[in-house]
Amino acid sequence: QVQLVESGGGLVQHGGSLSVSCAASGRTFSRNTMGWFRQAPGKEREFVAAISWNGGRRYYADSVKGRFTISRDNAKNTVYLQMNSLKPEDTAVYYCAADTRRPFLFTSEAMDIASYAYWGQGTQVTVSS
């Protein structure tokens with residue numbers, strides 16, 4: 001059974017940093033794009049960041065560019081999201097997702113929820129003002 005399990009969420013103050021991780025099991029995603037999305041209360045799930053199979057391509061939403069960094073460790077089947085300079089508007093449940101089609105996606109595909117076949121259960125990130 002394929003599982004994506006996020007960890008590392010929590011409460012942080014405005015301007016602080018937090019790192020979340022996503023560990024995959026049941027199959028390897030070392031040849032696939034993986035991404036992070038988030039969903040705030042009352043809002044639709046939105047794209048945050050994605051990374052190609054070898055890290056050669058990284059995609060970011062404009063709202064997090066320059067503050068968040070996505071990375072991956074294929075030996076551990078794990079993807080990370082380092083979040084710096086956090087703002088209250090970053091408060092959301094953060095979801096990890098995995099594409100299964102090919103090693104890299106066009107930018108529009110990487111940002112599209114429909115591109116991803118597997119999803120984690122999410123981890124809460126709360127930024128206090």
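In this predicted model, strands β7 and β8 form a hairpin with four residues between them. Asn77, in the turn of that hairpin, has a positive phi of about 55 degrees. The two strands, β7 at residues 68-73 and β8 at residues 78-83, pair in the antiparallel sense over six bridges. Within this pairing, Phe68 has Met83 of β8 as its bridge partner.

On another pairing of β8, strand β3 (residues 18-25) is joined to β8 by six bridges, and these two strands also run antiparallel. Met83 of β8 is the bridge partner of Leu18, and Met83 is likewise the partner of Phe68. Ser19 stands opposite Gln82 in β8.

These pairings belong to an open sheet of four strands, in the order β1-β3-β8-β7, with antiparallel pairing. Its edge strands are β1 (3-7) and β7, each of which pairs on one side only. From one strand to the next, the twist averages 15 degrees. In a regular strand, side chains alternate between the two faces of the sheet.

**Glu6 in the edge strand**

Strand β1 contains Glu6. What is the salt-bridge status of this buried residue Glu6? Glu6 has no salt bridge, and the nearest side chain of opposite charge, that of Arg45, is 7.4 Å away. A salt bridge requires a side-chain nitrogen of Lys or Arg within 4 Å of a carboxyl oxygen of Asp or Glu, so Arg45 at 7.4 Å does not supply one for Glu6.

The side chain of Glu6 has backbone partners instead. It reaches the backbone nitrogen of Cys96 at 2.7 Å. A polar atom of the Glu6 side chain also lies 2.9 Å from the backbone nitrogen of Gly122. Both Cys96 and Gly122 are among the residues in contact with Glu6 when neighbours within four places in sequence are left aside. The other contacts of Glu6 on that basis are Ser21, Cys22, Trp36, Tyr94, Tyr95, Gly120, Gln121 and Thr123.

**Salt bridges**

Side chains of opposite charge can pair when their charged atoms come close. A search of the whole structure finds five salt bridges. The table gives three of these pairs, with the separation of N and O atoms.

| Positive residue | Negative residue | N to O distance |
|---|---|---|
| Arg38 | Glu46 | 2.7 Å |
| Lys65 | Asp62 | 3.1 Å |
| Arg101 | Asp99 | 3.0 Å |

The burial of the residues involved can be set beside these distances. Arg38 has a relative accessible area of 6% and is therefore buried, whereas Glu46 counts as partly exposed because its relative accessibility is 36%. Arg38 and Glu46 are also part of a network of salt bridges that links them with Arg67 and Asp90.

In the pair formed by Arg101 and Asp99, Asp99 is buried, with a relative accessible area of 0%. Arg101 is partly exposed, with a relative accessibility of 47%. In the pair of Lys65 and Asp62, Asp62 counts as exposed because its relative accessibility is 66%.

**The loop between β5 and β6**

The loop between β5 (46-51) and β6 (58-60) holds Ser52, and Arg57 is found in this loop too. Is Ser52 buried or exposed? Ser52 has a relative accessible area of 1%, so it counts as buried. Arg57, with a relative accessible area of 37%, is partly exposed.

Leaving aside neighbours within four places in sequence, Ser52 is in contact with Asn32, Thr33, Arg57, Tyr59, Arg72, Pro103 and Phe104. Arg57 touches Ala50, Ile51, Ser52, Phe104 and Leu105, again not counting residues up to four places away in sequence. Ser52 and Arg57 therefore touch each other under the 4.5 Å contact cut-off. Phe104 is among the contacts of Ser52 and is also touched by Arg57.

How many residues apart along the chain are Arg57 and Phe104? They are 47 residues apart, and their C-alpha atoms are separated by 7.5 Å.

Methods
Residues numbered from 1 in each chain as written. Predicted model: local features only at pLDDT ≥ 70, side-chain atom pairs only at ≥ 80, totals over all residues. Heavy atoms only, no water. Pairing = 2+ DSSP bridges. Axes fitted to C-alpha atoms, helices over the stretch in contact; angles between N-to-C directions. Buried < 20%, exposed > 50% of the residue type's maximum accessible area, 1.4 Å probe, protein only. Lys, Arg positive; Asp, Glu negative; His and termini not counted. Polar contact = N/O pair within 3.5 Å; in protein donor to acceptor, adjacent residues only side chain to side chain.
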